[in-house]
Amino acid sequence: MAPAGRPGAKKGILERLESGEVVIGDGSFLISLEKRGYVKAGLWTPEAVIEHPDAVRQLHMEFLRAGSNVMQTFTFSASENNMSKYFEHVEEAVWAVEVLKESDRPVAVTMCIGPEGDMHDTTPRECAVRLVKAGASIVGVNCRFGPETSLKTMELMKEGLERAGLKAHLMVQPLGFHTPDCGKEGFVDLPEYPFGLESRVATRWDIQKYAREAYNLGVRYIGGCCGFEPYHIRAIAEELAPERGFLPPASEKHGSWGSGLDMHTKPWVRARARRDYWENLLPASGRPFCPSLSKPDI
């Protein structure tokens, strides 16, 4: 399938989702811009919007070219009480939904929770039910946990809605890191957070698998959060190209499943230009004395 840009007709997000269309979100801003030298770790305030707007604009453009349909404003942590108010409690998220409903616009709400639920032990099933009853049209999770864990949470949220006889569109934007060993607070509990997470970065093939599993689960708004680079978003767009009917512009320079390697001068590298090689690869970290899992601090 050749890259074909984007359909020209403009439709609202609910219209897209109700027609079964896949909506691809954006990825990482805080962690990506910190690595690029535009954000200071700690409070993670988005001062780059004022100090280096071109850097923020460039990252937006890269996500757009990679296949994003929706790019969120880079305003996280812009308020005085930023880090003490994650939506980690469903009660707070319900209040937000109730206020947003007054705008008469579609409300999408995601929580920073894993399979264990929120900080008051409200299960993902109950969180989803309460958010939809409050008026949310799109519900799901974002950040704090990797793709595998986030999909487990989404499965629980879906179960809760089905048992309650409620309908809503599902949205997932996990970390671009593998975090099977983190605790209830997510990756912030891991000793590698935030400056030693590179060995946990998901490969583009991991993200293609995540995109397919999310789609098969019934999730139609699929994106990423911290650690999700533009090439990860491209992986979502490429995996779901058959359903969407087109590839993103960034795929012009990327052969499907490593097919571009068939031009390499080394025969053993050319032999890697196939899907089964990359799907079954178990990548090594190159660190023989490092454990495969960590012990969370909490």
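Two strands count as paired if DSSP finds at least two bridges between them. Strands themselves (E, at least two residues) and helices (H or I, at least four) are DSSP runs, numbered from the N terminus. With that in hand, β3 and β4 are easy to describe: they run parallel and are joined by five bridges. The model is a predicted one, in which local features need pLDDT of at least 70 and side-chain atom pairs count only at pLDDT 80 or more, while totals for chains, interfaces and linings use all residues. Residues are numbered from 1 along each chain as its sequence is written, and side-chain values use heavy atoms, with hydrogens and water left out.

Now for the whole chain. It holds 12 helices and five strands. The C-alpha trace spans about 60 × 50 × 45 Å along its principal axes. The radius of gyration, taken over C-alpha atoms, can be set against a globule rule of 2.2 Å times the number of residues to the power 0.38. For 298 residues, a compact globule would come out near 19 Å, and the chain agrees with that because its own value is 19 Å. Of those 298 residues, 46% are buried, where buried means under 20% relative accessible area, exposed means over 50% and partly exposed is in between (1.4 Å probe, protein chains only). Contacts (heavy atoms within 4.5 Å) often link distant parts of the sequence: of those with a separation of 6 or more, 73% are between residues 24 or more positions apart.

Back to the sheet. Its five strands come in the order β1-β5-β4-β3-β2, with parallel pairing, and the sheet is open. At its edges sit β1 (23-24) and β2 (108-111), each paired on one side only. Strand β4 (residues 169-173) has four of its five residues buried, so the strand is mostly covered. On one side, His 169 of β4 is the bridge partner of Ile 138. β4 also runs parallel to β5 (residues 221-222), and two bridges join them. Here Val 172 is partnered with Ile 222 of β5.Ile 222 turns up again in the largest nonpolar core. A nonpolar core is a set of buried Ala, Val, Leu, Ile, Met, Phe, Trp, Tyr and Cys residues joined through side-chain atoms within 4.5 Å. The largest one has 65 residues, and those with the most contacts inside it are Leu 131, Phe 187, Tyr 210, Ile 222 and Ile 236. Another core, of six residues, lies apart from it and includes Leu 14, Ile 138, Met 171 and Tyr 221. In soluble globular proteins, nonpolar side chains tend to be buried together. What does Tyr 210 contact, leaving aside its neighbours within four places in sequence? The partners of Tyr 210 include Pro 147, Leu 151, Val 172, Ile 222, Phe 228 and Ile 236.

Two helices deserve a closer look. In α6 (residues 124-134), the buried residues are Pro 124, Cys 127, Ala 128, Val 129, Leu 131, Val 132 and Ala 134. They pack against α5 (90-100), β2, β3 (138-142) and α7 (147-164). Just after α6 comes Gly 135, with a positive phi of about 125 degrees. Helix α9 (residues 230-239) is largely enclosed by the rest of the structure, because nine of its 10 residues are buried. Among them are His 232, Arg 234, Ile 236 and Glu 238. The buried residues of α9 pack against β1, α4, α8 (204-217), β5 and α10.

What about the cysteines? A disulfide would be a pair of cysteine sulfur atoms within 2.5 Å, and a search of the whole structure finds zero. Cys 127 has its nearest cysteine sulfur, that of Cys 112, 12 Å away. Cys 127 is also buried, at a relative accessible area of 0%. For Cys 182, the closest cysteine sulfur is in Cys 143, and at 11 Å that is too far for a bond. Cys 182 is buried too, with a relative accessible area of 15%.

Last come two loop residues. Ser 68 is placed in the loop between α4 (53-66) and α5, and counts as buried at 1% relative accessibility. A polar atom of the Ser 68 side chain lies 2.8 Å from the backbone oxygen of Gly 25; a polar contact is a pair of N or O atoms within 3.5 Å, where within protein one must be able to donate a hydrogen and the other to accept it, and residues adjacent in sequence count only if both atoms are side-chain atoms. Gly 255 belongs to the loop between α10 (241-244) and α11 (267-270), and is partly exposed at 26% relative accessibility. Between the C-alpha atoms of Gly 255 and Ala 273, 18 residues apart along the chain, the separation is 9.0 Å.
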